[in-house]
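Here is a friendly walk through one protein model, from its overall fold to a few chosen details. Have the structure open beside you as you read.

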Amino acid sequence: MEALVIGASRGIGLAFIRQYLGMIHCQRVYGTYRHLSAELKLLQTQYPERLVLLPVDVTKEDQIIQAIATLKGQAQRLDEVIYCVGLLHQQTLQPEKSLRHIHPENLLTYFQINAIGAVLWAKHLAPLLRHGDRAVFAAISAKVGSIEDNRLGGWYGYRASKAALNMFLKNIAIEWKRTMSQAIVVALHPGTTDTELSQPFQKNVPPEKLFTPERTANQLRLVLDRLTDQDSGQFLSWDGTPLPW
Ligand SMILES: NC(=O)c1ccc[n+]([C@@H]2O[C@H](COP(=O)([O-])OP(=O)(O)OC[C@H]3O[C@@H](n4cnc5c(N)ncnc54)[C@H](OP(=O)(O)O)[C@@H]3O)[C@@H](O)[C@H]2O)c1
């Protein structure tokens, strides 16, 4: 099999790269990064034949197109694609606790990274996933993107961008059901995972509910391996249970 991890430099994406490299039936894994981390660079020197790295800022469609052109020079097809890119906070942007904190430019950033990036990748990757065999396009979403499950409010931009991501994935699933019915499209909730993204918000998380990135990748692997075409268009939690939209 050949796989692509979008957002492979750290966190859950990096754990997926390590997982694919540990799978003997995975001939090659492609990983994209915006900032090349030391860990990803080291893996590339350890697996020069099996790990191919591509620089992509997902807010730039021309960079997505360029990366796919490079990828097509080496791969005729992809069997699994996992979108692991995400933003909750950065130096100049904190999740909004109240309407008072809403800034249009921050909302735009959340939507570009958490939602629009994924649908752009789907747009340009479709030919590589259309090959007659099972193909998976999964994106790491978040339970807080569930409208029905929203009891606490807050985090306007993050929640809304994940809800938008979920809608994009549902739409892609419906379109591909008609045009490439072997493709399975899912939104996955990873559970709270110890990464830079969750770091400032881990205080009240009991230790048994804070997963290492490796554990999260392993749990999601079990979910991915069980998927059939009947599951396309679902929003699934880390233990495989369906989540409300
Ligand atoms: N950790 C959790 O508890 C948790 C819970 C629910 C959902 N999630 C979701 O899981 C996914 C992975 O998160 P994580 O916890 O692994 O976070 P993380 O460690 O902070 O990693 C975020 C990733 O997103 C990439 N990224 C951000 N902006 C980008 C851009 N403009 N272009 C390209 N790449 C960009 C980063 O790339 P660079 O390092 O190269 O910049 C990095 O690879 C996210 O979608 C997140 O929302 C996480």
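Helices (H or I, at least four residues) and strands (E, at least two) are DSSP runs, numbered from the N terminus. This is a predicted model, in which local features need pLDDT of at least 70 and side-chain atom pairs count only at pLDDT 80 or more, while totals for chains, interfaces and linings use all residues. Residues are numbered from 1 along each chain as its sequence is written.

Let us start with the ligand. Helix H1 (residues 11-21) gives the largest share of the shell around the ligand, 3 residues. Among the 27 residues around the ligand, those that come nearest are Gly11, Arg34, Gly86, Thr195 and Leu197; a residue is near a molecule if its C-beta atom, placed from the backbone, lies within 6 Å of it.

Next, the overall fold. The protein has 6 helices and 7 strands, and from the N terminus on its elements run β-α-β-α-β-α-β-α-β-α-β-α-β. The C-alpha atoms fill a box of roughly 50 × 40 × 40 Å along the principal axes. The radius of gyration is 17 Å, which agrees with the value near 18 Å for a compact globule of 245 residues; it is taken over C-alpha atoms, and the globule rule is 2.2 Å times the number of residues to the power 0.38. Of the 245 residues, 39% are buried, meaning that 20 or more other C-beta atoms, placed from the backbone, lie within 10 Å of a residue's own.

Now for the sheet. It is open, has 7 strands in the order S3-S2-S1-S4-S5-S6-S7, and its pairing is parallel; two strands pair if DSSP finds at least two bridges between them. Strand S3 (51-55) and strand S7 (234-236) stand at the edges with a single partner strand each, so one side of each has no neighbour in the sheet. From one strand to the next, the twist averages 20°, with axes fitted as lines to C-alpha atoms (for helices over the stretch in contact) and angles running from 0 to 180 degrees between N-to-C directions.

Two of the parallel pairings are set out here.

| Strand pair | Bridges | Residues standing opposite |
|---|---|---|
| S4 and S5 | 4 bridges | Glu80 and Val136 |
| S5 and S6 | 6 bridges | Ile140 and Leu188 |

Strand S4 covers residues 80-83 and strand S5 residues 135-140. Helix H2 (residues 38-46) packs on the sheet, touching strand S2 (28-33) and S3, and its direction makes about 140° with that of S3. Helix H4 (residues 104-129) also packs on the sheet, where it touches strand S1 (2-6), S4, S5 and strand S6 (183-188); the direction of H4 makes about 170° with that of S5.

How many of the residues of S6 are buried? The count is 6 of its 6 residues. Both faces of S6 are covered, with Ala183, Val185 and Ala187 buried on one side and Ile184, Val186 and Leu188 buried on the other.

Finally, take a look at Ala67, which lies in helix H3 (residues 61-72). Is Ala67 buried or exposed? Ala67 counts as buried because it has 21 C-beta neighbours inside 10 Å. Leaving aside neighbours within four places in sequence, Ala67 is in contact with Thr32, Leu54 and Val56, where contact means C-beta atoms, placed from the backbone, within 7 Å. Ala67 and Ala15 are 52 residues apart in sequence and 21 Å apart in space, C-alpha to C-alpha.

Technical notes. Two residues are in contact if their C-beta atoms, placed from the backbone, lie within 7 Å. A residue is buried if 20 or more other C-beta atoms lie within 10 Å of its own, exposed if 12 or fewer, and partly exposed in between; C-beta atoms are placed from the backbone.
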